[in-house]
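Work through the exercises below with the sequence and coordinates open. Each task is followed by a solution in steps.

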Amino acid sequence: MQFTKSRRRAALLATTAAFAMSAGHAAAQAARADTVVDEIVVVGTQIEGSKVTAALPVTVVNMEAIAAAGSVSGDELYRSIPQMGDVQFNSTNGAVSSNFARGDVGSVNLRNLGVGNTLVLLNGRRVVAHPGSQADDQLVPVLTYNTNAIPVSGLQRLEVLRDGAAAIYGTDAVAGVVNNVLRNDFDGVTLDLQYGGAEDTNLHEFEANAFLGKNFADGRGNVSLFLNYTDRSALSSSDQTYTSSSDKRPLFEGTRFAGSNTLDRRSTLSGWADLQTPASFGTVRQGTLALTSAGGLFHIQPTANGGCQVVLTGGICIDDGSRATAAADRNTRYDSGTFPSSIIPKLQRYNAFTTARYELTDDIEVYGELGYYLAKTESEQDPVFTIGSTKVTIPASNYWNPFGPTVFANGQVNPNRLANLNVPAAGLPVTLVNYRFVDMGPTRVDVETSQIRVLAGARGEKFGFKWDSALLYSEAEVTDTQDGISSTLLQQQLALSTPDAYNPFNGGNPANPAAGGDATPSSQAALDAIRIKTVRRGKSSLALWDFKVSKVDLFSLPGGDVGVAAGVEFRRETQLDDRDPRVDGTIGFTDMVTGQFQTADLFGVSPTPDTKGSRKVAAAYLEFAVPLVSPEMSIPFVRNLEMQIAGRYEDYSDFGSVAKPKVAMAWDVFDGLRLRGSWAQGFRAPNLEQVNASLVTRGNTRTDYVFCEADLRAGRIASFANCSRNVVATAQRAGNPDLQPEESETWTAGVVFQPRFIPEQFGSFTFTADLWNVKQTGIVGLFGEGNGLILDYLNRVQGTTNPKVIRAAPTADDIAVFAGTGLTPAGQVIYVQDQYVNLLPQDVRGLDLGMMWRLRTDRFGSFDVNFNAAHLIRYYRAPSPDIAALLEAREAGQINAGTVITGGGNLLRQGSRPEWKWSGSLTWRYEQFTVGAFTQYVGDVEDTGLADSAGQRWIVDSQITANLYGEIAFEEGIKANTRLRLGVRNITNEEPPLASNANGFLGALYQPYSRYWYVSVRKSF
């Protein structure tokens, strides 16, 4: 049949191109005798069957490479590719905050250019974005495709175009394109079961896969179905030493940071409350003894800490002022070991994907896809705590209030009011300043994520042109449910004059203040009364129609046939972020004591309005493959010369139009030596949340450096490394409808060398090297509340203030901190104002290296060796003028060298950007036996969260891991068509390198478990 034959010819050409391009990387799978060869769509061109793809750097990860890496999830698979950058959307992010994308989610970050700069395709067409956003390192909300929605066991191969491709595919293809190609045209039934687990942990994983397919109508049609089920237990923080406690000081003994209090990542927000009576009242006294500071501050602490002003029952007491969490009261910080949290959540994942095709005629085929993904995760995180933007006043009537009324309204004498107070008989209300609801226990977080994909299309050939058109609809939803506390219900319970009133005055556990929980919790009735469930719902959708044509031989030149492709595309994208009514302003909180109104009723969560947006995009593209020189022309040193010329125009309904070109060239100097290069312009459209968000309020832990400076001048600390003036700074970030696209310019220059002089009995070798550079302008970002506080520090040293840092009036306690320092007293931070803007350029350069060796022998079997390395040479982000001024001030000594300024400068080796990443794989087959090995290296990086007094950072070490599996295929009897595999990941049991954050490792670079064993069995019918 004509259509089938043309498909097979295209397959042969494309397979040849893929083999050449993937040299030095995981190779396109070699078809066995019993394997059905299907069409291979090579990413990077729309001209089906064109050889122009030889000019493009593409990594192809086939089923063999996936097996060697031992990947179960899409996140694990993408991490195994050296050109992939850090994974900012991962299971260790977010914890108790629903402002992160949580659950079964992983992100894509090719070249480390940032989430959102990589276009992801499924079977050659766009995929819907995950609806949950989170802030990137520029503090702006970014969206990603969820890599865990990829059915890894159903992948035929993964194609990674390591080159800008906006001229071919449109927005987001700044760093490149990842095309996930699923298996199809399956005929038969195959079942696959796998079970594995990580040593010395409670992490266990079961996976079941089924492949079902049937040809019909004498092979003119096929229906194939892939089913996957994954069940995984949680990985608890208590399973491993480096995650078992948030106090990291013991892990750094023997280093130059030994004893640094910066490494005490235990939270200052604990069950030991910091409280405040009305500042206008002044000092609360018992007789002549001051129980509070002049500003009314007091706290609860263990009696054993000393300095008590009045002793209460149960080994606790009241002391004046706030807790000295950097000194005598450091043991009252909250340790995450109190309630072990979920580093990796418990998971159930379901994946189903169906493909179908039918040849209506010899020249027309209809086809379709139907996919469904569902994941449910359960995790336990830290208890709810106070933040600066949400405050609740404890009414004077609270049963446990030591400064309460002498007699309650019901006539009962107050048994808990302290004697001989200078407090009115009606008592005093108390503000809950810093507190963690430890007696509520861990916070339960349940996340359900789903995705559907429906595609119907037709393709064929007419007038010598191949045409393809499809209609696609895909949507993704996420429902994030977690335990919470209603401020309204909390205050109602605090107002009770009975023992069922919530009691924040009871402290924690005096026997183990940091990790012992609450020894005298509030009554169950009180806990049940304030506990609620909150829900964040997100939804995104993609509707797309395209029509494209291509012809590999439009006309002829002396060098060969000129190919052409053209097409149009229309799509509509939507995003909805529907916050809980207690967060989005629907249900607010009015303090019954102060009358102050807060837009969010959910305690400890920043108020965030719902965000909703949509856009329509119309696009058209044109591409030519131009052969300039062919071997038949016999030109010395120019055996072959091919050029790709492409351009794409896109019109957006919300910000205008964009047009981008691309030129690529491949020059074969002689048979076995190819030089290749490309130049392209690209762009990334601002995402819908960046444009449409009205006001995003976020609370993040930041350092208030002006207080550190006061402590340093007063001699309370020796250096900024010992400063513990961390605050939950509330940032008010505004969206910007005037944002413009981020523009980019990309070039690559490379070489492919296949030494033909090596005798065939030694196998075939291919070596590749590609130098690349990406320059981006108009990067969307923020000044950042951390930088805002540093600017305020600089301004206050100079005698002014930063007007965007809104502070409360200095209390008597604040004034005391600054006494004798020469600095004007500063109050506590209320919030910091900011807005999303297009910032200055970013310039990134790197080198990709690859090697591939293939050997086929009758005596020893077959060998496949692949090596793939990514070297990051330059990563410089030009700081904005304001950030540049901060850097200059630090260099000039106007502010301390221990300040951490983010947002610009040389970012190479900082955070999660190592200079080197590489991987290698070996697959050996002999008769029914297969052995696969995989190794991966991640270079060291600087820990931006830990610096000494000279500004020198902690180095997070490099790591090498190795995987190994053995497989036997049974071919006779009842065991025929059965495959048994035993494998191990991280065979040398390497722990992730030590970092200073609360988890003790960089989750964006490393997986939080060591040696992992698995066994699988496959049966085909």
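**Exercise 1. A loop residue**

Task: Decide whether Asn802 is buried or exposed, then place it in the chain and list its contacts.

Solution. The relative accessibility of Asn802 is 7%, so this residue counts as buried, the cut-off being under 20%. The coordinates are those of a predicted model. Along the chain, Asn802 sits in the loop that runs between helix 10 (785-797) and strand 38 (805-807). With residues up to four places away in sequence left out, Asn802 touches Gly788, Leu791, Asp792 and Asn795.

**Exercise 2. A tryptophan in a strand**

Task: Classify Trp772 by its relative accessible area and find what it is in contact with.

Solution. Trp772 belongs to strand 36 (residues 764-777). Its relative accessible area is 4%, so Trp772 is buried. Apart from neighbours within four places in sequence, the contacts of Trp772 are Arg111, Trp747, Thr748, Val844, Arg845, Gly846, Leu847, Asp848 and Leu872. As a distance check, take Tyr373, which is 399 residues from Trp772 along the chain: the two C-alpha atoms are 36 Å apart.

**Exercise 3. Strand pairing**

Task: Establish how strand 29 pairs with strand 26 and with strand 30.

Solution. Start with strand 26 (residues 560-578) and strand 29 (residues 611-629): they run antiparallel and are joined by 15 bridges. One position to inspect is Leu576, which stands opposite Lys612 in strand 29. Next, strand 29 pairs with strand 30 (residues 640-652), again in the antiparallel sense, over 12 bridges. Here Val626 faces Met643 of strand 30 across the pairing. As background, strands of a sheet pair through backbone hydrogen bonds, either parallel or antiparallel.

**Exercise 4. The edges of an open sheet**

Task: An open sheet of six strands has the order 16-17-15-12-22-21. Which strands stand at the edges, and why is one side of each left without a neighbour?

Solution. The pairing in this sheet is antiparallel. Strand 16 (310-311) and strand 21 (393-394) are the edge strands; each has a single partner strand, so one side of each has no neighbour in the sheet. For strand 16, two antiparallel bridges make the link to strand 17 (residues 316-320). In that link, Val310 stands opposite Ile318 of strand 17.

**Exercise 5. Two helices and their buried residues**

Task: List the buried residues of helix 6 and of helix 12, and state what they pack against.

Solution. In helix 6 (residues 487-494), Ser487, Leu490, Gln491, Gln493 and Leu494 are buried. Viewed down the helix axis, these buried residues fall within an arc of 160 degrees, so they line one face of helix 6. They pack against strand 21, strand 24 (465-485), helix 7 (524-530) and strand 27 (589-590). At the start of helix 6, the backbone nitrogen of Thr488 lies within 3.3 Å of a side-chain oxygen of Ser486.

For helix 12 (residues 881-891), the buried residues are Ile883, Ala884, Leu886 and Ala889. Helix 10 is among the elements that cover them. Just after helix 12, Gly893 has a positive phi of about 80 degrees.

**Exercise 6. Nonpolar cores**

Task: Which residues of the largest nonpolar core touch the most other members?

Solution. The largest nonpolar core has 35 residues, and Val61, Leu77, Tyr78, Met84 and Leu158 touch the most other members. Strand 6 (residues 155-161) gives the most to this core, with three residues. Beyond its neighbours within four places in sequence, Leu158 is in contact with several residues, including Val61, Leu77, Tyr78, Ile81 and Val178. A second, separate core holds 32 residues, among them Val423, Leu432, Met440 and Ile485.

**Exercise 7. Aromatic pairs**

Task: Describe the geometry of the pairs Phe298 and Phe403, and Phe437 and Phe603.

Solution. The structure contains 28 aromatic pairs. Phe298 and Phe403 pair edge-to-face, at 5.0 Å centre to centre and 65 degrees between the planes. Phe298 lies in strand 15 (residues 297-302) and Phe403 in the loop between strand 21 and strand 22 (430-434), so the pair ties together parts 105 residues apart in sequence. Both Phe298 and Phe403 are buried.

Phe437 and Phe603 are also edge-to-face, at 5.3 Å and 85 degrees. Phe437 is buried at 0% relative accessible area, and Phe603 is buried at 2%. Tyr435, Phe437, Tyr502 and Phe603 form one aromatic cluster.

Notes:
Residues are numbered from 1 along each chain as its sequence is written. This is a predicted model: local features need pLDDT of at least 70, side-chain atom pairs count only at pLDDT 80 or more; totals for chains, interfaces and linings use all residues. Side-chain values use heavy atoms; hydrogens and water are left out. Two strands pair if DSSP finds at least two bridges between them. Helices (H or I, at least four residues) and strands (E, at least two) are DSSP runs, numbered from the N terminus. Buried means under 20% relative accessible area, exposed over 50%, partly exposed in between (1.4 Å probe, protein chains only). The arc is that of the directions from the helix axis to the C-beta atoms. Contact means heavy atoms within 4.5 Å. A polar contact is a pair of N or O atoms within 3.5 Å; within protein, one must be able to donate a hydrogen and the other to accept it, and residues adjacent in sequence count only if both atoms are side-chain atoms. A nonpolar core is a set of buried Ala, Val, Leu, Ile, Met, Phe, Trp, Tyr and Cys residues joined through side-chain atoms within 4.5 Å. Rings of Phe, Tyr and Trp (its six-membered ring) pair if their centres lie within 6.5 Å; planes under 30 degrees apart count as stacked, over 60 as edge-to-face and the rest as tilted.
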